[in-house]
Amino acid sequence: MSRTSDSLVWQVIRKQNSFLHKRERTSRAGAVMFSCEPGNLLSAHSFKYSGIANSKTVDVSSEAGNRVALKTSAPTKTNLPKKAVNSTPLRKDRKRSLKAVKARGCNNFHRADLTSAAVARYNRLYRDARVKGGIVKAAKSTTGPRNNRHA
């Protein structure tokens, strides 16, 4: 199987794919598009963050048991889907895990443009895992109808 270019794949899947979610059509602009594909750090429907259209992808996702894993794809093994994704569990403390996210997934040779998005995604998943584990209490909302009451 020959490899097709990333831009050609994006042109094919840009307007219609199974991961696309269109929300809230406004009068000034079209619908806001989100994408829930694996490898998309921000769930934004754009070529930069697409996990399908890019041959090199970085994904920080939660797994079973409140674990967080860093997944990177190898562009040379696109024909073998099981071997194409390298998964690294992030089990250490926050500082070491952030160092691993920056070193393995977001170095100069493998998607350095996604560093800030990968770090933000890891911080959010780390916080959620600690809340689910009962280590930290969830953040309280500062907006909403229940917070406007006065005693």
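A residue counts as exposed when its relative accessible area is over 50% and as buried when that area is under 20%, with partly exposed in between. The structure shown is a predicted model, and these classes help in reading its charged side chains.

By that cut-off Arg124, at 53% relative accessibility, is exposed, whereas its salt-bridge partner Asp128 is partly exposed, with a relative accessible area of 27%. The closest N and O atoms of Asp128 and Arg124 are 3.5 Å apart, and because the two residues are four positions apart in helix H4 (residues 115-132), about one helical turn separates them.

This pair is one of three salt bridges found in a search of the whole structure. Another joins Arg111 to Asp113, with 3.2 Å between the closest N and O atoms; here Arg111 is buried at 13% relative accessibility, while Asp113 is partly exposed at 40%. Glu63 and Lys71 also meet through their side chains, at 3.9 Å from N to O, and in this bridge Glu63 is partly exposed with a relative accessible area of 36%, as is Lys71 with 26%.

Towards the start of the chain, helix H1 (residues 6-13) has Asp6, Trp10 and Ile13 as its buried residues. They cover an arc of only 75° around the axis, and therefore lie on the same side of H1.

A positive surface patch, finally, is formed by Arg14, Lys15, Lys22 and Arg25. Of these residues, Arg25 lies in the loop between strand S1 (20-23) and strand S2 (32-35), and Arg25 is exposed, with a relative accessible area of 66%.

Notes. Residues numbered from 1 in each chain as written. Predicted model: local features only at pLDDT ≥ 70, side-chain atom pairs only at ≥ 80, totals over all residues. Heavy atoms only, no water. Patch = residues over 30% accessible without salt bridge, like charges linked within 9 Å, V, L, I, M, F, W, Y side chains within 5 Å. Areas by Shrake-Rupley, 256 points an atom, 1.4 Å probe, with all protein chains shown as cover. Salt bridge = Lys/Arg side-chain N within 4 Å of Asp/Glu carboxyl O. Lys, Arg positive; Asp, Glu negative; His and termini not counted. Charge placed at Lys NZ, Arg CZ, Asp CG, Glu CD. Buried < 20%, exposed > 50% of the residue type's maximum accessible area, 1.4 Å probe, protein only. Arc of directions from axis to C-beta.
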